[in-house]
Amino acid sequence: MESLSLLLDGFATALTPVNLLYALVGVTLGTLVGVLPGIGPAMTVALLLPITFNVPPASAFIMFAGIYYGGMYGGSTTSILLNTPGESSSMITALEGNKMAKRGRAAQALATAAIGSFVAGTIATGLLVVAAPLVVDFAISFGPEDYFALAILAFTAVSSVLSTSAVRGLASLGFGLVIGLIGIDQQTGQARLTLGVPQLLDGIDVVIVAVGLFAVGEVLYVASRLRHSSPDVVPVGRAFLGRSDWARSWRPWLRGTALGFPFGALPGGGAEIPTFLSYSVEKRLARGEASEEFGKGAIEGVAGPEAANNASAAGTLVPLLTLGLPTSATAAILLAAFQQYGLQPGPQLFDHNPALVWGMIASLFVGNAMLLVLNLPLAPLWARVLHIPRPYLYAGIVLFAALGVYALNASAVDLVVLFVLGLLGYAMRRFGLPVAPAVIGLILGPMAEIQLRRALAIGAGDVSVLVRSPVAATLLVLSALVLLLPVLRRFRNRPAPAAD
Amino acid sequence: MSDTIPPRDRHWYRRGELVLAGVVLALGAFVIAGTADVTAAASTLGLGPRFFPIIVGSAMLLIGVFYAIDVLRGGRGDPEQSEDVDSETPADLRSVLLVSVIFLAFAFTLDFLGWIIAGALLFFGLSVTLGARQPLRAGLIAVVLSVATYLAFVKGLGVTLPGGLLAGVI
């Protein structure tokens, strides 16, 4: 019950007026960027990093957590109300949600998404409170070889799961690893891959990479294929649920939570797989009226996936906080934020900074409650945000991207680097390379290198030290399996060679 | 999957993917060659600063080869889906080029012109390129935005932005 008293202390941190304000700013900003196409929580947190340097860490992380959760809520509004297919994690919600909206049930779709997100977020954050100390106890004895193996598993899982083709995911990962190599080697002080440019000695800042790949890359991509019609938004009033909708929603919420949390915590699990699984589970379990409605706007098909989506966000925080292991792009940026404050997530963080960690976890409960209030009555307001003409939206995204990057070092060189990374982001989108592995490779790569060298130094050059601990051996075997999985799958589906 | 790209785009598309695979290969070679001159004192315990780059570089070479083979055998990545992207239309590379030129012009003139003027020009140029139909309105929004961000971030949050030509005025 020690964690319960720590959590209560955390609430004392989270409920101070200043931190409540930071939480409110975070969830509002998060919902806004979640609703708006073209930007997401990862880029928003990255852009805020240079500005929040003077904010106390506990307050900054309360705000970042709010942005993370808020982004999840906002994304569902877009996929329900906007008549165009969107990103993969919210596409499942759009399947039924958008059809509900077209049938005049937008208010119910938004309400079941918001309340389901609240229920799932609250339960999953509770699970985080229970699970985190257990993982910390287990991980406290981890050696460098275990951390190295963990990083390898994160690399392979995120590369092969997030992409339909493992080799494209790995190529993306490689881009991130190479960018992460640039600069001075932390252990020997040697400059690597700087091409003699003095500005590169400190490496390329995570903010520039994230903003370049996400924002500038996205704008260039959108510029190449912009829909020239004005956005087609379904009109909506205040979100609410009728009695029968409650009855049809609560079981999907709980099932979605049960699927979302564990998948979020797994490397490479992310939000896509659990939302998809939740959708197919609800479809299979549907009886009577619901079963007929599937495909035409069944509320179960919104309630389940949305709950899974939010629960996976809380799940992602388990490996991030307890092991320092990011399993999604947003988590990787959060890890970079910790590093900016000189903090290293992992078992020690819980010992050294309990006020920060538990304050952040407590703020997740607070932020979830705020989001419910923000999203039910204010749904029409968020719907209006969707009408922003796209030329202004994307021009504004570039303006803020340039602002955030220039604010780092007041250097125009950074803006050119930003543009080059934007071109890379454009090419990756156009040719189907997922962006998340690059961000994870960039941030986790240098840590993997340090742990590898530390492990091999302990083993005095003997490579077998990497598999001596059972944990490390298991993780490496899993990594190999994750990589081989797509190959095996293709082998089984042989009779269908590429038609074109 | 295959119906998202018009046929006449296909040949070009495959070439683009091969170029990307080439970039992966080139980066792998660059990492290995570029760290050749990096040496550590012999007294360094364990592995030197070249060890990890060699692993990454070799992995990139391997990935690049597999990527190229995959493309040549007909494999293809799915272009990303997004709310504002119409995957039915062929890529409009003219817009991409214009956006690039405007952004680079902004990067090179920012210190001279200052945030307010350069930022307003950036916003105006991009919004017109991306299809804003009323230039007057776009210009107005551009000025309001760049002035507002300057005041909010410089006066409010203490962020350093260049004053440029207007340095004495605001």
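Biologist: What makes A:Ala46, A:Leu110, A:Ala210, A:Val211, A:Val398 and A:Val439 stand out in the largest nonpolar core?

Modeller: In this predicted model, that core has 219 residues, and these six touch the most other members. Helix 5 (residues 88-139) of chain A gives the most to the core, with 22 residues.

Biologist: Why is this core said to lie between domain 1 (2-72) and domain 2 (93-166) of chain B?

Modeller: Both of those domains of chain B give residues to the core, so it lies between them.

Biologist: Which residues is A:Ala210 in contact with, leaving aside its neighbours within four places in sequence?

Modeller: They are A:Ala42, A:Met43, A:Ala46, A:Ile333 and A:Val439. To be called a contact, a pair must have C-beta atoms within 7 Å.

Biologist: Let's turn to helix 7. What makes helix 7 of chain A "mostly covered"?

Modeller: A residue is buried if 20 or more other C-beta atoms lie within 10 Å of its own. In helix 7 of chain A, 16 of its 16 residues are buried, so the word fits under that cut-off.

Biologist: And how do you know that the span of helix 7 of chain A agrees with what it should be?

Modeller: At 1.5 Å a residue, its 16 residues should span 22 Å, and the end C-alpha atoms are 22 Å apart, so the two agree. Just after this helix, A:Gly183 takes a positive phi of about 115°.

Biologist: How many residues does each chain bring to the contact between A and B?

Modeller: Chain A brings 67 residues and chain B brings 69 residues. Helix 17 of chain A gives the most to chain A's side, with 12 residues. By class, that side has 41 nonpolar, 14 polar and 12 charged residues.

Methods
Residues numbered from 1 in each chain as written. Chains lettered and ligands numbered in written order. Predicted model: local features only at pLDDT ≥ 70, side-chain atom pairs only at ≥ 80, totals over all residues. Contact = placed C-beta atoms within 7 Å. Helix = DSSP H or I, 4+ residues; strand = E, 2+ residues; numbered from the N terminus. Nonpolar A, V, L, I, M, F, W, Y, C, P; charged D, E, K, R; others polar. Core = buried A, V, L, I, M, F, W, Y, C linked by C-beta atoms within 7 Å. Buried ≥ 20, exposed ≤ 12 C-beta atoms within 10 Å, placed from the backbone. Domains from an automatic or database assignment. Expected span 1.5 Å × (residues − 1).
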